Amino acid sequence: MPQIIPIKELKNTNGISEMCHNSKEPIFVTKNGYGDMVFMSMDTYEELFRKLELYKEIAISEKQYQEGKYKDARLVLSEIEKKYDL
């Protein structure tokens with residue numbers, strides 16, 4: 001479940017760091033009752049970024065498939081084996 005904290009709690013930097021590392025989820029910061037910022041650990045950020053990159057690659061692959069821009073994997077492997085005498 002996401003954690004939401006008011007901006008005045010940013011004074012407690014060690015506590016916020018601990019929250020980020022313990023929850024593995026972003027910490028949402030509000031200002032005057034509205035969303036203002038998001039904090040997360042580096043591990044959480046990197047995992048999120050890897051997923052985003054993977055989703056982009058999947059979207060590209062799906063588009064190429066729909067456009068008929070693909071080859072049968074067995075045919076490609078066979079071509080590689082012949083090319084490199086494997």
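**Exercise 1. Ser 41**

Determine whether Ser 41 is buried or exposed, and state which residues Ser 41 touches.

*Solution.* The model is predicted.
Step 1: Ser 41 has a relative accessible area of 4%.
Step 2: Buried means under 20% relative accessible area, so Ser 41 is buried.
Step 3: Ser 41 sits in the loop between E3 and H2.
Step 4: Leaving aside residues up to four places away in sequence, Ser 41 touches Cys 20 and His 21.
For the chain as a whole, buried residues make up 10% of the 86 residues.

**Exercise 2. Elements of the chain**

State how many helices and strands the protein chain has, and in what order the elements run from the N terminus.

*Solution.*
Step 1: The protein chain holds three helices and three strands.
Step 2: Read from the N terminus on, the elements run β-α-β-β-α-α.

**Exercise 3. The sheet**

Describe the sheet: its strand order, its edge strands and its twist.

*Solution.*
Step 1: Three strands form an open sheet in the order E1-E2-E3, and the pairing is mixed.
Step 2: Strand E1 (3–6) and strand E3 (34–39) are the edge strands, since each pairs on one side only.
Step 3: From one strand to the next, the twist averages 35 degrees.

**Exercise 4. The two strand pairs**

For E1 with E2 and for E2 with E3, give the sense of pairing and the number of bridges.

*Solution.*
Step 1: E1 pairs with strand E2 (residues 27–31) in the parallel sense, over four bridges. Pro 6 stands opposite Thr 30 in E2.
Step 2: E2 and E3 run antiparallel and are joined by five bridges. Ile 27 stands opposite Phe 39 in E3.
Step 3: The hairpin of E2 and E3 has two residues between the strands, and Asn 32 takes a positive phi near 55 degrees there.

**Exercise 5. Helix H1 on the sheet**

Find which strands helix H1 touches, and what angle its direction makes with that of E1.

*Solution.*
Step 1: Helix H1 (residues 13–23) packs on the sheet and touches E1, E2 and E3.
Step 2: The direction of H1 makes about 170 degrees with that of E1. Angles run from 0 to 180 degrees between N-to-C directions, so H1 and E1 point in nearly opposite directions.

**Exercise 6. The loop between E1 and H1**

Classify Lys 8 and Asn 12 as buried, partly exposed or exposed, and give a C-alpha distance for each.

*Solution.*
Step 1: Both residues are placed in the loop between E1 and H1.
Step 2: Exposed means over 50% relative accessible area. Lys 8, at 63%, therefore counts as exposed. Asn 12, at 46%, is partly exposed.
Step 3: Lys 8 and Lys 31 are 23 residues apart in sequence, and their C-alpha atoms are 8.4 Å apart.
Step 4: Asn 12 and Ala 59 are 47 residues apart along the chain, with 41 Å between their C-alpha atoms.

**Exercise 7. An aromatic pair in H2**

The whole structure has two aromatic pairs. Decide whether the rings of Tyr 45 and Phe 49 are stacked or edge-to-face.

*Solution.*
Step 1: A pair of aromatic rings is described by the distance of the centres and the angle of the planes.
Step 2: For Tyr 45 and Phe 49, the ring centres are 6.1 Å apart and the planes are at 20 degrees.
Step 3: Rings pair if their centres lie within 6.5 Å, and planes under 30 degrees apart count as stacked. The pair of Tyr 45 and Phe 49 is therefore stacked.
Step 4: Both residues lie in helix H2 (residues 42–66), four residues apart, which is about one turn of the helix.
Step 5: Tyr 45 is partly exposed at 44% relative accessible area, and Phe 49 is partly exposed at 41%.
Step 6: Helix H2 also holds Asp 43, which counts as partly exposed at 48% relative accessibility. Asp 43 and Lys 24 are 19 residues apart in sequence and 8.0 Å apart from C-alpha to C-alpha.

**Exercise 8. The ends of H3**

Identify which residue caps the N-terminal end of helix H3, and what phi Asp 85 takes just after H3.

*Solution.*
Step 1: Asp 72 caps the N-terminal end of helix H3 (residues 73–83). A side-chain oxygen of Asp 72 lies 2.9 Å from the backbone nitrogen of Arg 74.
Step 2: Just after H3, Asp 85 takes a positive phi of about 50 degrees.

**Exercise 9. Overall dimensions**

Compare the radius of gyration of the protein chain with that of a compact globule of 86 residues.

*Solution.*
Step 1: A compact globule of 86 residues would have a radius of gyration near 12 Å.
Step 2: The protein chain has 23 Å.
Step 3: The C-alpha trace spans about 65 × 30 × 15 Å along its principal axes.
Step 4: Among contacts between residues at least 6 apart in sequence, 26% join residues at least 24 apart.

Note on methods
Residues numbered from 1 in each chain as written. Predicted model: local features only at pLDDT ≥ 70, side-chain atom pairs only at ≥ 80, totals over all residues. Heavy atoms only, no water. Phe/Tyr/Trp six-rings, centres within 6.5 Å; stacked < 30°, edge-to-face > 60°. Buried < 20%, exposed > 50% of the residue type's maximum accessible area, 1.4 Å probe, protein only. Polar contact = N/O pair within 3.5 Å; in protein donor to acceptor, adjacent residues only side chain to side chain. Pairing = 2+ DSSP bridges. Contact = heavy atoms within 4.5 Å. Rg over C-alpha atoms; globule rule 2.2 N^0.38 Å.
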